[in-house]
Amino acid sequence: MSEFSLDLSEDQLQIQKWVHDFAEDVIRPAAHEWDEREETPWPIIEEAARIGLYSFDFMTQCFFDPGGLMMPIANEELAWGDAGIGLAIFGSALGLAGIVANGTPEQLGEWGPQCFGTPEKIQMAAFAVSEPDAGSDVSSLRTRAVYDQAKDEWVINGTKTWITNGGIADIHVVVAAVDPELGSRGQASFIVPPGTPGLSAGQKFKKMGIRASHTGEVILDDVRVPGHCLLGGKEKLDAKMARAREGKKSNSQAAMATFEATRPSVGAQALGISRAAYEYALDYAKERKAFGRLIIENQGIAFKLADMKMRIDASRLLVWRAAWMGRTGKPFVAGEGSMSKLYAGETAVWVTEQAIQIMGGYGYIREHPVERWHRDSKIYTIFEGTSEIQRLIIARAVSGIHIK
Ligand SMILES: Cc1cc2nc3c(=O)[nH]c(=O)nc-3n(C[C@H](O)[C@H](O)[C@H](O)COP(=O)(O)OP(=O)(O)OC[C@H]3O[C@@H](n4cnc5c(N)ncnc54)[C@H](O)[C@@H]3O)c2cc1C
């Protein structure tokens, strides 16, 4: 048994510095512009692809990092640069996570690289679960997938909403109901390959924050995909549904398996925003004078900064623990993945609000980035499971009672 240590490995330290430098030199200076333009920052994604940061290879290195911390470390640094641009770069990883969680090694080998493409031909991926009438309640998806045995094809119909990279992605990983009566146990994930007829982009949403990240509707109208696009394969799905019909327990739910794996990384993005706002507010408080003294000399300001730093560090510890548990196969007995995302998300909203308060009027105007960080932070209590849903997961895990 190795000694307990929070020291990062050489590899992790190197990646942390590499991503941080990119965030500082390329992302930060462009953040305001892309927030205002509310468009996908293609030149920045191209630059990230050119240095290998936007690539299947780098994502695989993060996914398979032995201690599991490389993914949250990279996410924290990117979001420190800018959460919207960070998500434009890391959004494809959510689609990839859907493949890693539910696909076979052959499917990962075939579709994984296509989630990113090459620096010459960049591709994107999306993970599409949410629907207009099914957000938190993923068991009630209306999108249907019906098997056409004669052609060995799946026919998918439905509408997905609020999908990161939705409609502009090349690879859409779509979760659909095969047997709606079985709820989430009757669902499966499908790859919709690039250029498949019937898949089209619906509206692009205008948002409060993370505006450089594309969020859109995906319309699936008689979309036909080959049988091998069912992640995990038909045999596995048939066996899972048979077990569900017999009332037996199951350990695999298509959407949930993906979210468990991605929550600590999403928490890490929130952490990156918190850290950015804290650092900015700390510097400001050490320069701004009121009543003839620096504002940090007032306990009212200094104690805020102390609490901000403490909550940020607590967020990081929860994120790292969950990422390590996920990677090393420790079961989440108390909803530790949910805890990490819940705490880091709520901390980001709180810390960015404190940062605005510390900066007074300057905090509220667009000349400074803290108002943007506050707008960006709010999504972290909503997507990948709202704060309420995370509390539900934790409460159910610790109590053993199916709390509603
Ligand atoms: C910018 C953005 C990007 C997104 N990206 C993606 C994506 O890439 N892929 C994807 O599939 N989805 C994505 N989503 C969707 C997101 O995951 C959902 O919005 C989220 O899960 C909440 O669902 P909902 O909006 O339908 O809220 P609802 O489920 O309608 O919830 C409304 C409110 O009721 C509360 N609530 C619901 N049920 C309970 C309960 N049992 N107990 C207590 N409170 C409850 C919720 O917490 C919330 O406060 C994205 C959303 C946004 C805004």
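1. Let's start with the ligand. Sorted by class, the residues in the shell around the ligand come out as eleven nonpolar, seven polar and four charged. Keep in mind while reading that this is a predicted model.

2. How many residues surround the ligand, and which are the closest? The shell holds 22 residues, and the closest ones are Val129, Gly135, Ser136, Thr386 and Glu388.

3. As for where the shell comes from in the fold, two domains are worth a look: domain 2 (125-245) and domain 3 (254-399) each contribute at least three residues to the shell around the ligand. In terms of elements, at least two shell residues apiece are supplied by β1 (125-128), β3 (153-164) and α13 (387-399).

4. Stepping back to the whole chain, the domain assignment splits it into domain 1 (10-115), domain 2 (125-245) and domain 3 (254-399). Between domain 1 and domain 3, the C-alpha centres are 20 Å apart. Their contact involves 23 residues on the domain 1 side and 24 residues on the domain 3 side.

5. Which elements build the side of domain 1 that touches domain 3? Those giving two or more residues are α1 (10-37), α4 (70-81) and α5 (83-102). Of these, α5 is the one to look at in your viewer, with the largest share of that side at nine residues.

6. One last bit on chemistry: the side of domain 1 that touches domain 3 has twelve nonpolar residues, along with eight polar and three charged ones.

Methods
Residues numbered from 1 in each chain as written. Predicted model: local features only at pLDDT ≥ 70, side-chain atom pairs only at ≥ 80, totals over all residues. Domains from an automatic or database assignment. Contact = placed C-beta atoms within 7 Å. Helix = DSSP H or I, 4+ residues; strand = E, 2+ residues; numbered from the N terminus. Nonpolar A, V, L, I, M, F, W, Y, C, P; charged D, E, K, R; others polar. Near = placed C-beta within 6 Å.
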